[in-house]
Amino acid sequence: MSTRIAFLKGHGTENDFVIVPDPENVMDLPPAAVATLCDRRAGIGGDGLLHVVRSAAHPEAKGMAADAEWFMDYRNGDGSIAEMCGNGVRVFARYLQRAGHVTEGDLAIATRGGVKTVHIAKDGDVTVGMGKAVLPDGDVTVSVGERSWPARNVNMGNPHAVAFVDDLAHAGDLYSPPPFSPTAAYPDGVNVEFVVDRAPGHVAMRVHERGAGETRSCGTGACAVAVAAARRDGADPTATGTPATYTVDVPGGTLVITERPDGEIEMTGPAVIVAEGEIDADWLRSATSA
Ligand SMILES: N[C@@H](CCC[C@H](N)C(=O)O)C(=O)O
């Protein structure tokens, strides 16, 4: 009888994740294993993987263990590592609640982007304090086919290029990463958001995620979009003392983003666990070594 590995599947506005609880960090999860698990035909399927580890048991998170018991070891669907995942951290919190590790209310979760404060509300929505956006200087251009757009460079712990477009269809099929220039702006690649206005304080976006392709939502992307939209609209909460709130429609639902006068950004939306089961360790080993 081969060993079984417990997993769950969850999503936040249809940004979906394979969740692998491994509190003591004993699992070997090389990039090929992550890519196999996230494969939608040969594996379980997901935009990314949430490796659930106690901070004290992970070399990258030991230093945060006093502030946050749990570390979100986030991986993109292609097996690459990313600094932060906004929807992922909300789904991670939902998993901790379901597993009985935490209850409703506030908790802290360690990520590669630092410790994030999460609030699990009675109504089911999960809010995460995403930290402050960094807006590096310099013009960026993204293109799809013959069209190109100026884009705002926004760093939410991970890199984003936000382009305001006339029509979300102009982003095309997004089967491959949209080219950007200058390439030096994003030495490690970038997540690209295409945005249209819906109403004052209300936008809609599509996203091509680094390491995953087009996804139906991206939390850090939605925050980057809200900040870029606010600056475009002449709103800077840190200068005016007035918070800026944007409703951001994504193909998989809606996220609400508020930038506070201290620059801190909060994101609220649903986070759902849809299934749980067991992975055959022999299958994973052979699929990964094939
Ligand atoms: N879907 C995520 C972002 C995941 C990481 C991203 N693909 C990257 O490589 O930076 C989110 O909800 O923020």
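His-58 counts as partly exposed in this predicted model, with 19 C-beta neighbours inside 10 Å. The residue belongs to the loop between strand E3 (48-54) and strand E4 (70-76). Its C-alpha atom lies 9.7 Å from that of Val-26, although 32 residues separate His-58 and Val-26 in sequence.

Several backbone features fall in loops. Most residues other than glycine have a negative phi, and most peptide bonds are trans. Thr-13, which is not a glycine, has a positive phi of about 50°. Thr-13 is located in the loop between strand E1 (4-12) and E2 and counts as buried, since 25 C-beta neighbours lie inside 10 Å. Asn-25 also is a residue other than glycine with a positive phi, here near 60°. The loop that holds Asn-25 runs between E2 and helix H1 (31-38). With 18 other C-beta atoms within 10 Å, Asn-25 is partly exposed, because the cut-off for a buried residue is 20 or more. A cis peptide bond, with omega near -5°, links Ser-181 to Pro-182; Pro-182 is placed in the loop between strand E11 (180-181) and E12.

The ligand is surrounded by 17 residues, of which Ala-82, Asn-87, Asn-158, Gly-219 and Thr-220 come nearest. By class, eleven residues of this shell are polar, four are nonpolar and two are charged. Domain 1 (4-125 + 271-289) and domain 2 (140-268) each contribute at least three residues to the shell. Among the helices, H2 (86-98) and H3 (219-232) each provide at least two shell residues, and the largest share, three residues, comes from H2.

An unreviewed UniProt entry lists binding site positions, including Asn-15, Asn-76, Gly-86, Glu-209 and Arg-210. Asn-87, Asn-158, Gly-219 and Thr-220 also appear in that record, and these four are among the residues that come nearest to the ligand. Asn-15 lies in strand E2 (residues 15-21) and is buried, with 33 other C-beta atoms within 10 Å.

Helix H2 is mostly covered, as eleven of its 13 residues are buried. The buried residues include Gly-86 and Asn-87, and also Arg-90, Phe-92, Arg-94 and Tyr-95. At 1.5 Å a residue, the 13 residues of H2 should span 18 Å, and the distance of 19 Å between the end C-alpha atoms agrees with this. Gly-100, which follows H2, has a positive phi, near 85°.

Strand E10 (residues 159-164) is largely enclosed by the rest of the structure, because five of its six residues are buried. E10 runs antiparallel to strand E9 (residues 147-155), and five bridges join the two. Within this pairing, Arg-152 has Val-162 of E10 as its bridge partner. E9 and E10 form a hairpin with three residues between them. In the turn of the hairpin, Gly-157 has a positive phi of about 95°. E10 also pairs with strand E12 (residues 191-199), in this case in the parallel sense and over five bridges. Glu-193 in E12 is the bridge partner of Val-162. Val-162 is thus bridged to Arg-152 and to Glu-193.

How values were computed:
Residues numbered from 1 in each chain as written. Predicted model: local features only at pLDDT ≥ 70, side-chain atom pairs only at ≥ 80, totals over all residues. Near = placed C-beta within 6 Å. Helix = DSSP H or I, 4+ residues; strand = E, 2+ residues; numbered from the N terminus. Nonpolar A, V, L, I, M, F, W, Y, C, P; charged D, E, K, R; others polar. Domains from an automatic or database assignment. Buried ≥ 20, exposed ≤ 12 C-beta atoms within 10 Å, placed from the backbone. Pairing = 2+ DSSP bridges. Expected span 1.5 Å × (residues − 1). UniProt positions renumbered as here; feature names shortened; annotations may be inferred.
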